[in-house]
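Student: Got a minute to go through this one with me? I'd like to start with the cysteines.

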Amino acid sequence: MEQSMRRFMKVGIILHVSYPQLGGGGGPILECLERICGDDYFEAVEVAKMKDGQVRKKAAEMIRAAHMVSAYGGQSRTLSAGLNINDLDETRRAMAVDTLKEGIDEAYEMGCAGFSFLSGRYDEGRKEQAFEQLLKSTRQLCGYAGEKGNMPICCEVFDYDIDKRALIGPAALAARYAGEIRRDYGNFGLLVDLSHIPMIHETIEESILPVKDYIIHAHMGNTVIKSPDCEAYGDNHPRFGFPDSENDVEELALYLRTLMEIGFLGEKKRPIVSFEVKPWKDESPEVIIANAKRTLNLAWELV
């Protein structure tokens with residue numbers, strides 16, 4: 001496309017994925033964030049748990065000074081603790097909801113433009129029971145966020161049988177879920193991720209079109225699923241063009257074209273569309289980030 005991508009979206013990056021040493025909520029958060037904030041390719045940055053309140057405050061100030069927007073990823077809050085928001089055990093489910101509420105508090109504290117999470121485990125035999133628990137938890141999260149302001153809440157669509165094994169999940173179930181929640185909570189939506197689509201065994205169109213009315217956030221990334229024997233197999237978000245991987249320039253172009261056709265990308269909304277790319281082994285974060293930017297530049301020409 002000849003028009004600038006900036007007219008249709010805010011390009012972002014997930015800080016704690018590109019800099020894995022930040023994943024636990026500590027480490028050189030401000031130093032890594034400064035590299036992103038100093039790069040005018042990005043208009044958005046996605047943050048996660050930061051244990052130190054002073055670091056959160058300084059991070060928020062830096063993001064504002066850079067004229068950027070931020071979003072908060074709450075996925076690691078439940079994943080790292082082994083918690084499941086559709087747990088059939090009420091005590092465990094409540095623990096998952098509580099840690100996500102803490103994340104919502106942090107997101108508001110930092111002035112984030114959105115908060116995301118993922119559903120709990122997919123179990124075919126208990127799918128309907130888990131689905132009801134997920135609805136209960138999501139309503140609690142949307143209600144909690146709505147009491148504090150107008151920050152959107154979104155559930156990220158993951159694989160259901162390879163790595164994270166999340167209930168949401170297949171497109172049909174994701175659409176059913178989002179429709180149920182949206183009836184009562186207008187601040188809810190779905191987060192779609194190019195890297196997860198092959199893992200759900202769906203094409204880009206099969207994954208996107210059924211949920212087109214509910215998408216409020218998007219990620220760009222890659223995955224390896226050809227064989228468990230392959231390097232970076234699973235939900236590891238390797239660089240675009242990684243050996244035996246699923247996504248590169250053409251796939252990213254189709255993904256963006258589809259998001260454009262359904263009206264998600266547009267000059268009025270300019271939604272956040274973030275890279276989720278992670279160094280593999282001893283790869284440099286800066287090199288992987290440059291790979292992502294080059295891939296997007298080439299893909300946009302094909303949109």
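**Cysteines, helices and a domain**

Tutor: Sure. C32 counts as buried, because its relative accessibility is 1%. Keep in mind that this is a predicted model.

Student: Which cysteine sulfur is closest to that of C32, and how far away is it?

Tutor: That would be the sulfur in C37, at 11 Å, which is too far for a bond. A disulfide here needs two cysteine sulfur atoms within 2.5 Å.

Student: What about C154, where's its nearest cysteine sulfur?

Tutor: In C155, 8.0 Å away, and C154 is in no disulfide.

Student: Is C154 buried or exposed?

Tutor: Buried, because its relative accessibility is 5%.

Student: So how many disulfides does the count come to?

Tutor: The count is 0 disulfides.

Student: OK, switching to helices. At what angle do α6 and α7 pack?

Tutor: About 40 degrees, with the axes 10 Å apart. Helix α6 covers residues 127-148 and helix α7 covers residues 171-182. The pair is therefore oblique.

Student: Is that crossing left-handed or right-handed?

Tutor: The crossing of α6 and α7 is right-handed.

Student: Which residues meet there?

Tutor: From α6, they include F131, L134, L135 and C142. On the α7 side, L173, Y177 and I181 are among them.

Student: Last thing: which domain does UniProt annotate?

Tutor: The unreviewed UniProt entry has "Xylose isomerase-like TIM barrel" over residues 42-239. In the model, that stretch is 39% helix and 15% strand, and its end C-alpha atoms are 18 Å apart.

Note on methods
Residues numbered from 1 in each chain as written. Predicted model: local features only at pLDDT ≥ 70, side-chain atom pairs only at ≥ 80, totals over all residues. Heavy atoms only, no water. UniProt positions renumbered as here; feature names shortened; annotations may be inferred. Helix = DSSP H or I, 4+ residues; strand = E, 2+ residues; numbered from the N terminus. Buried < 20%, exposed > 50% of the residue type's maximum accessible area, 1.4 Å probe, protein only. Axes fitted to C-alpha atoms, helices over the stretch in contact; angles between N-to-C directions. Parallel < 35°, antiparallel > 145°, perpendicular 65-115°, else oblique. Left-handed = near helix turned anticlockwise from the far one by under 90°. Contact = heavy atoms within 4.5 Å.
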